Amino acid sequence: MNDLEQRLRRQAVQCRGNGSPLTGALLEGAAADLAAGGVVADLLGRHADEPSGSVPSLRLAGSLHRLVLERKAPELALHYASVGGTASAEDVWPAAGRTIRDNLDELRKLVTHPVQTNEVGRSAALYGALQLLGGPVRLLEVGASAGLNLRCDKFAYDLGDGQVLGDPASAVRLVRPWERHFPIARQPVEVLLRKGCDPKPIDPATTEGRLTLTSYVWGDQVDRLDRLRGALRVAERVPAPVVCEGALEFLTRELADLPAGLTTVVWHSVVWQYVDPAERRAVDALMVRAGWNATDGARLARVSLEPERMGDGDFTFRVYVQLWPHGDRVHVADALGHGPPVRWTGRAPGSS
Ligand SMILES: C[S@@+](CC[C@H](N)C(=O)[O-])C[C@H]1O[C@@H](n2cnc3c(N)ncnc32)[C@H](O)[C@@H]1O
């Protein structure tokens, strides 16, 4: 089995494990076709030596979903719940293979595009972390993509115990997003300023931006698609600029002053692996230097949700809050890759 075939098969297992039998079956079919020297070998063979983080498998899945969303792949669309399809996910491959053959030139271009997502469910972790911090916030997101999570306070969090946090009337509704003991009494979250950066920002107001974000959500994951569509509606009325910059450039400017009366919160989710090691080290050092200027009246926090490899090779998504003036870093929760359920550890900044 060659390396690309193995990567397709591994990704298929992950997709199934993360609730997408459609993408699982699609990638298994693609792996078998590649092994047989079929059309997938022609399409993806030239990408075989690219780093695994660039996920050619998910670029293929996203490219095919895009054709479905653009109504260019009617036979394949029958399998995609995202456009009302009801045909079996397990039987997707023959239609996918024919779609690839019929659209080879366009797909050659599409599979060169990086996977670009904005996962709204990750707001379940961010919103909880803002609850732990309390008080009015200036929210700065690094690697914000379309900036949808910068609106986390405008989503509804239905805790399942009769309480709905955030905006109960929101077009985004996260139902039972939290598990285990939330360590403190609820406090209002007030995001007064919001701003993000991304070297490849997506404009959620454009058709192209919306199509890109939607195409990389797996086509049978109706809950994720609903959350995304809801967040696009929220974005229409809640501005949150995302500037075209990398983490270091953005934070060097934004952390030069910490405004009094606010907690400046730097948030990043599933970004760190894409930032080169020198920039990562520079951002870590910058945060510590900025932390020296923090006071109890002008606090600085870093909230992150990033994958960590466990002993058995699997990943877990850890949520940390680091809070200055003291700089203590607390593991507050674990989440799934797409966010919920967020399992709180019972620890909070200042209580460890
Ligand atoms: C997997 S996406 C996650 C997007 C968003 N944080 C979320 O959770 O939905 C990773 C993002 O990191 C961005 N990124 C890559 N290099 C970066 C850098 N040096 N500084 C800031 N963001 C970066 C990418 O453009 C992409 O939008």
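**Exercise 1: a helix with a buried side**

Find which residues of helix α11 are buried in this predicted model, and work out why they line one face of the helix.

*Solution.* Start with the stretch itself: α11 covers residues 247–254. Now go looking for residues with under 20% relative accessible area, since that is what buried means here. You should end up with A247, F250, L251 and E254. Next, look down the axis of α11: these buried residues fall within an arc of 90°, so they line one face of the helix. Last step, see what they pack against: the strands β1 (135–142), β6 (189–197), β7 (242–243) and β8 (263–269), plus helix α12 (277–292).

**Exercise 2: a three-stranded sheet**

Work out the strand order of the open sheet that contains β2, β3 and β4, and name its edge strands.

*Solution.* Begin with β2 (residues 156–158), which is antiparallel to β3 and joined to it by three bridges. To check a pair, take D158: its bridge partner in β3 is V164. Then add β4, and the order reads β3-β2-β4, with mixed pairing. The edges are β3 (164–166) and β4 (173–175), as each pairs on one side only. From one strand to the next, the twist averages 20°.

**Exercise 3: the partners of β12**

Which strands pair with β12 (residues 339–344), and in which sense?

*Solution.* Take β5 (residues 178–179) to begin with: two bridges link it to β12 in the parallel sense. One of the pairs is E179 with R343. Now try β11 (residues 328–336), which pairs with β12 through three bridges in the antiparallel sense. Here A333 sits opposite W344. Finally, look at the link: β11 and β12 make a hairpin, with two residues between them.

Notes:
Residues are numbered from 1 along each chain as its sequence is written. This is a predicted model: local features need pLDDT of at least 70, side-chain atom pairs count only at pLDDT 80 or more; totals for chains, interfaces and linings use all residues. Side-chain values use heavy atoms; hydrogens and water are left out. Two strands pair if DSSP finds at least two bridges between them. Helices (H or I, at least four residues) and strands (E, at least two) are DSSP runs, numbered from the N terminus. Axes are lines fitted to C-alpha atoms, for helices over the stretch in contact, and angles run from 0 to 180 degrees between N-to-C directions. Buried means under 20% relative accessible area, exposed over 50%, partly exposed in between (1.4 Å probe, protein chains only). The arc is that of the directions from the helix axis to the C-beta atoms. Contact means heavy atoms within 4.5 Å.
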